[in-house]
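Me: I have a structure open and would like to talk it through with you, one question at a time. Shall we start?

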Protein chains: 4
Amino acid sequence: MRLRNILWRQLDPEAYGRNGLSPINVVVVWIVVLSSVLAIVETEPTIERLAPQTFMYIEQILAVLFAVEYLIRLWAEGENPRFGGVRGRIRYALTPAAIIDLAAFLPSLIAPGIYSSPMLLRVFRLIRVLRLARLGRFSRAMGHLIEAVTERREELLLSLILGSIILTFSAAAMYLLESENNPEAFGSIPRALWWSVCTLTTVGYGDIYPHSPLGKVFGGLTSIAGIGLIAMPTGILAAAFSDAFQKSRTQRQEFVEQTAYPRAAADAR
Amino acid sequence: MRLRNILWRQLDPEAYGRNGLSPINVVVVWIVVLSSVLAIVETEPTIERLAPQTFMYIEQILAVLFAVEYLIRLWAEGENPRFGGVRGRIRYALTPAAIIDLAAFLPSLIAPGIYSSPMLLRVFRLIRVLRLARLGRFSRAMGHLIEAVTERREELLLSLILGSIILTFSAAAMYLLESENNPEAFGSIPRALWWSVCTLTTVGYGDIYPHSPLGKVFGGLTSIAGIGLIAMPTGILAAAFSDAFQKSRTQRQEFVEQTAYPRAAADAR
Amino acid sequence: MRLRNILWRQLDPEAYGRNGLSPINVVVVWIVVLSSVLAIVETEPTIERLAPQTFMYIEQILAVLFAVEYLIRLWAEGENPRFGGVRGRIRYALTPAAIIDLAAFLPSLIAPGIYSSPMLLRVFRLIRVLRLARLGRFSRAMGHLIEAVTERREELLLSLILGSIILTFSAAAMYLLESENNPEAFGSIPRALWWSVCTLTTVGYGDIYPHSPLGKVFGGLTSIAGIGLIAMPTGILAAAFSDAFQKSRTQRQEFVEQTAYPRAAADAR
Amino acid sequence: MRLRNILWRQLDPEAYGRNGLSPINVVVVWIVVLSSVLAIVETEPTIERLAPQTFMYIEQILAVLFAVEYLIRLWAEGENPRFGGVRGRIRYALTPAAIIDLAAFLPSLIAPGIYSSPMLLRVFRLIRVLRLARLGRFSRAMGHLIEAVTERREELLLSLILGSIILTFSAAAMYLLESENNPEAFGSIPRALWWSVCTLTTVGYGDIYPHSPLGKVFGGLTSIAGIGLIAMPTGILAAAFSDAFQKSRTQRQEFVEQTAYPRAAADAR
């Protein structure tokens, strides 16, 4: 089964010996990106109207391609000690990456005639855009970035909770101050929350804002609090990245020192 | 009084031997969160209208629950050496946490009929949302985050003062430039302050903005100053978190070294 | 001249022996702050109309107070070796702090009748708000913050220049793409600059924004570039503060070590 | 050829012996900046109308000046060992800096009569603003800043990719939720992308925003995700600058130590 071994080494990024992606996976990445771009563009009626048939055909071809790729991957993973035999394949098929791969083509293979309701059609289109999630399996560097973030997940979660409490309090206070003059925008705390989130994240659409002088004073204070709210996760992430970079540099330096002066390093032990 | 001791260890987070929260406190946290969500949702007239009676009954039950919890806590704190006896209980009742606990249910127990004026009703509702503040006593990790922030309170306060001065100057300058063309928005410095705060925090609702060319030039400069204003607290917090993380890592490392080489550490002393 | 010496030590923050501000200067700071608040509030016609005479009288009293303070300072600085004699007083009167002190009361002492033109009146009011700048002389801690910032002035200036170039290019490109459809907003590069600055600083008033699809694509790219533009000064300032804090901590530690083990430190030399 | 050597040392920033820019290059920088300001101002019809002839003459003079400068540079580069002879000059003319220099005056020398179409005229004006890019060759300090950024280009690229995926998903989800009620703004994913980019970068023009309650909930979550999206590059850049500053400080310190204790440093080797 030399072919299966070659395919496995080509398709599984972790089985590929060299740095970067194998040629086959580079092609797969490009097809995934282009298929997502197509799925995005297709939703625009003024574009879709130009050649509805063509779009449908391309979509069908892409779905078949992804299905073939899925089956080859399933077969080739037999080389992986973890996924040998029928049982191993089932285990492979249940990994998150394989489920995402399956979800990327299955809805398109099922006759699109059933997407008669516009809501179902939109859900179906959303799924096609989600194909981008397939890229996750190909990126190791993304992993390092995400690792640095997840290492501080506790602090980030806390700043999220703190943010939620500030959000709620500012909405409740604005409801107190403005609901009389501005019942449409601030008539209830859930409505005021829309203003709160727009202000504290400094998005500021400007669809609703306080009108009374007291409301404006409080709105200004909320905007200033928003700066602190943004500064906290930024500060946490900045510290996390700074640590991660320093760690990787120390490791590299230690590696260089041990390689350059192997005897000295051995003596030092 | 074994029951009182068990209750104390369950209810007082600082008396609980293990990490995290005791099972009873986990339940209390969830009830507090849900009761706040309910208090938020209830203010929306379109939802409250669906079942006004039900909302009132749930609220009454929650208030009774919190009252019972308050009394049990008061009783159980007798185990705490600091709060023994009647005098100790009074001292406990005057701690900020206990006052917040009391404020969380007292207004709901008092006949809601007195909240006839819409303003009083809104104040009452705000108090119910503030129940979220009860969560403060349960979070030790939040304490670490807040500690890192408070350690830099001087620098943060200074950047706030600096920000206030920039805010005032930009408002005064805009009043100078735009009050003629745009009296409604920039007719006085307090009015211009609303624009200043929206711009310097980069919220930018867009309800008021300069119209004259000179005003736009100055408005652009203010926006750019706003970046600096945001960068300052962000930088301070980033440095504070970076320090806090490094300190906690150094401590952990020292702990590991002392545990791994206890004799060497002892010799070194 | 014991009185002059006491006054000098009370009035000159650098001659005051202890930490913080002298009691007299605390009072001066409060009067400066309150006088600025008054100057801000007074510009609001709906408030000024309530008691125009009272506002004018308070203002006159404040101006006289500041004038008296100015003269006492001028006299007391004779104790300062740098400012002795008539020549020294003239040198003192020409320091930036003294000029600001003078500008804070002189326009109010000159008969306000000459501020008949509304423009002159607004300039006069602006000057009164600028009294806040007098606070600068009282804050040493502010000095440390500003020092940390000025140490990186080169990098901050460069990021400002880089930002200006990006600003100009994005305005020029938008002028190319949108001036046909949207001549009022994008009919020239200076007009497009107003959009550019609003977008790159993420203020986003929403008074003008691209309408054509191509303009929106480019507008989106500009918004993303804006994140980088904000990130650069924030990163520079974060690094500056981090350095400043670490330096101050190292100094404190060295101080502690030398104080705790004076002999060891002496031996090590 | 002493004149050519002097000119070369004056014109080529890398051949200039001292710090900073040579007097001739300072003049060139100022002319470039002023010519760009002129090119910007000239596009404003209300200004251009005042003296169209004058603007055209100044522009022609500037173009001739830049052409002369270009030819002198070309001649003087003969002193540079890398660009000697005719072949060397051709190699020099193909460097990016020389091409930018050429593009800065060539379109203005070609008879402006051919810019009859308004679109061509705008492209021509854009090119004139791009003269600012000529400044790049004069700034070494800018190089250090850009180096610190490019060293982290992988992480920055990754955060850009991660941002694009979040952008796409939020647009697709909003299309699902709002396209029914709000077909003009959210009728397709490309249209929803305009909202996504405005929200995630916290620009928030406010031309389109969700109207349905579910859309607002999701919009709020997107705004909060936007904070994270901004925090990531900010954190990366902050860490990069922090590293760059520390490195430059360590180098300076090592330099000082080696200069102060040259023997000790030599012994240590």
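Reply: Gladly! Helices here are DSSP runs of H or I with at least four residues, and strands are runs of E with at least two, numbered from the N terminus. Keep in mind that this is a predicted model.

Me: With that in hand, how many helices and strands does chain A have?
Reply: From the N terminus on, the elements of chain A run α-α-α-α-α-α-α-α-α-α-α-α-α. No β element appears in that order. The count for chain A is therefore 13 helices and 0 strands.

Me: What share of the residues of chain A counts as buried?
Reply: The cut-off to apply is a relative accessible area under 20%. Chain A has 269 residues, and the share of them that counts as buried is 46%.

Me: And among contacts in chain A with a separation of 6 or more, what share comes from residues 24 or more positions apart?
Reply: Here we take the contacts in chain A with a separation of 6 or more and ask about those between residues 24 or more positions apart. Their share is 63%.

Me: Now to the partners. Which kind of axis relates chain A and chain D?
Reply: Chain A can be laid on chain D by a turn of 90°, with a shift of 0.0 Å along the axis. The RMSD of that fit is 0.0 Å. The relation is therefore that of a four-fold axis.

Me: What percentage of the contact residues of chain A recur in chain D?
Reply: The two copies use different surfaces. In numbers, 38 residues of chain A are in contact with 48 residues of chain D. The contact residues of chain A that recur in chain D amount to 16%.

Me: How much area do chain A and chain D bury between them, and which three residues of chain A lose the most?
Reply: The buried area is about 3800 Å², with 73% of it on carbon and sulfur atoms. Three residues of chain A lose the most area to chain D, together 20% of what that side buries. They are A:R122, A:Y205 and A:F245.

Me: Which residues form the salt bridge between chain A and chain D?
Reply: The count between these chains is 1 salt bridge. The cut-off is 4 Å between a side-chain nitrogen of Lys or Arg and a carboxyl oxygen of Asp or Glu, and the closest N and O atoms of this pair are 2.7 Å apart. The partners are A:E44 and D:R191.

Me: Which element gives the most to the side of chain A that touches chain D?
Reply: Between chain A and chain D there are also 5 residue pairs in polar contact. Elements giving two or more residues to this side of chain A include α2 (23-42), α7 (118-129) and α12 (213-260). The one that gives the most, with 9 residues, is α12(A).

Me: How do the residues on that side of chain A divide into nonpolar, polar and charged?
Reply: This is the side of chain A that touches chain D. Its residues divide into 25 nonpolar, 8 polar and 5 charged.

Me: Let us turn to chain C and chain B. What share of the area buried between them do carbon and sulfur atoms give?
Reply: In this pair, 38 residues of chain C are in contact with 48 residues of chain B. The area buried between the two chains is about 3800 Å². Of that, carbon and sulfur atoms give 74%.

Me: Which residue of chain B meets C:E44 in a salt bridge?
Reply: The count between chain C and chain B is 1 salt bridge. Its N to O distance is 2.7 Å, and the partner of C:E44 is B:R191.

Me: Two loop residues of chain D next. Is D:N80 buried or exposed?
Reply: D:N80 is in the loop between α4 (52-76) and α5 (85-93) of chain D. Leaving aside neighbours within four places in sequence, D:N80 is in contact with D:W8 and D:D12. Its relative accessibility is 8%, so D:N80 counts as buried.

Me: Which residue has its backbone nitrogen 3.0 Å from a polar atom of the side chain of D:S212?
Reply: D:S212 lies in the loop between α12 (189-200) and α13 (213-260) of chain D, and counts as buried because its relative accessibility is 14%. Not counting residues up to four places away in sequence, D:S212 touches D:L177, D:E178 and D:N181. The backbone nitrogen you ask about belongs to D:G215.

Key: Residues numbered from 1 in each chain as written. Chains lettered and ligands numbered in written order. Predicted model: local features only at pLDDT ≥ 70, side-chain atom pairs only at ≥ 80, totals over all residues. Heavy atoms only, no water. Contact = heavy atoms within 4.5 Å. Buried area = accessible area lost by both parts, 1.4 Å probe. Buried < 20%, exposed > 50% of the residue type's maximum accessible area, 1.4 Å probe, protein only. Least-squares fit on C-alpha atoms with pLDDT ≥ 70 in both. Polar contact = N/O pair within 3.5 Å; in protein donor to acceptor, adjacent residues only side chain to side chain. Nonpolar A, V, L, I, M, F, W, Y, C, P; charged D, E, K, R; others polar.
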